[in-house]
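Visitor: I am new to this structure and would like a close look at a single part of it. Please take one helix and walk me through its surroundings.

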Amino acid sequence: MEEDGTKLSLTIVDTPGFGDNINNEGSFHDIVEYVEKQYDIVLAEESRIKRNPKYQDNRVHALLYFIAPTGHSLREIDIEFMRRLGPRSNIIPVIAKADSLSPPELAAFKKAIMEDIAYYKIPIYNFPYDEEEDDEETIEENDELRAMLPFAVVGSEEEVILNGRRIRCRQYPWGYVDVDNPQHTDFSKLRFMLLSSHLQDLKEITHDHLYEQYRTEKLSKDGDVDPEEEEEALRQQEAALKAKYQARQHDREHPSSPVSQTGSVDVAPPRPSMDQQ
């Protein structure tokens, strides 16, 4: 494809059916395995004495995670997936079908999602910058994009002519949503940052940080990993996350009821009887 006069080789990997099962452990495993396999290919290539001149880098440089427009908060599956994939890829959270929410609902939903991401310490791509090294324009641009997270998008393949201009939109009895209009959706901003302004940054973070972290882990424990111990550790992490999630949901539904981080309810001591008084 071509973007701003520059030819790009873009590979898109879709995950149809993700989250449709009662138990989605297999979906988590397959996606993590795919991402790590691309790192393994690079690691093997780096270890060769004579490298392949036609080698292509197929690492996942950006992972768009689409969030259902529930209007409430992140689901447990959202939290678990991003928590697992965060150390392996640049996760960019995106609200799908954002036109199903009103502007106030969308703003509140975005706020709730970012609060959850901070609460569960989920690593995402948050448009990092260095105040000492980056120029003022870069800092302002990254601050603006960071404030838009998660991006709210609307998709449509339908093209219509409105006011003499051909646009992609979704039409409703009360009006239309222009897919490429930044006042309607964040799609144009998301597209520009992915294919232009932050393309190189995503690639550099993938290679310099995410891949190097995986490479270090792989080489330090290669051959010394007990699969049963690793699986047990993962189960314990899932149980801890589930308890934390349930406690947070209880806090939201019953804000006046004190709940501890483990999910247990702090019960007030019984009032003394008349005899005790």
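Guide: What follows is a walk along one helix and out to its neighbours. This is a predicted model, in which local features need pLDDT of at least 70 and side-chain atom pairs count only at pLDDT 80 or more, while totals for chains, interfaces and linings use all residues. Residues are numbered from 1 along each chain as its sequence is written, and side-chain values use heavy atoms, with hydrogens and water left out.

Helix 4 has 13 residues and reaches 19 Å from its first C-alpha to its last, close to the 18 Å expected at 1.5 Å a residue, the expected span being 1.5 Å times one less than the number of residues; helices here are DSSP runs of H or I with at least four residues, and strands are runs of E with at least two, numbered from the N terminus. At the N-terminal end, D135 acts as a cap, with a side-chain oxygen 3.1 Å from the backbone nitrogen of E137.

The buried residues of helix 4 are I139, N142, L145 and M148, where buried means under 20% relative accessible area with a 1.4 Å probe, protein chains only. N142 counts as buried because its relative accessibility is 4%. Leaving aside residues up to four places away in sequence, N142 touches F127, P128, Y129 and H198, a contact meaning heavy atoms within 4.5 Å. The cover over the buried residues of helix 4 includes helix 3 (103-119), strand 5 (151-152) and helix 5 (187-197).

Methods:
Buried means under 20% relative accessible area, exposed over 50%, partly exposed in between (1.4 Å probe, protein chains only). A polar contact is a pair of N or O atoms within 3.5 Å; within protein, one must be able to donate a hydrogen and the other to accept it, and residues adjacent in sequence count only if both atoms are side-chain atoms.
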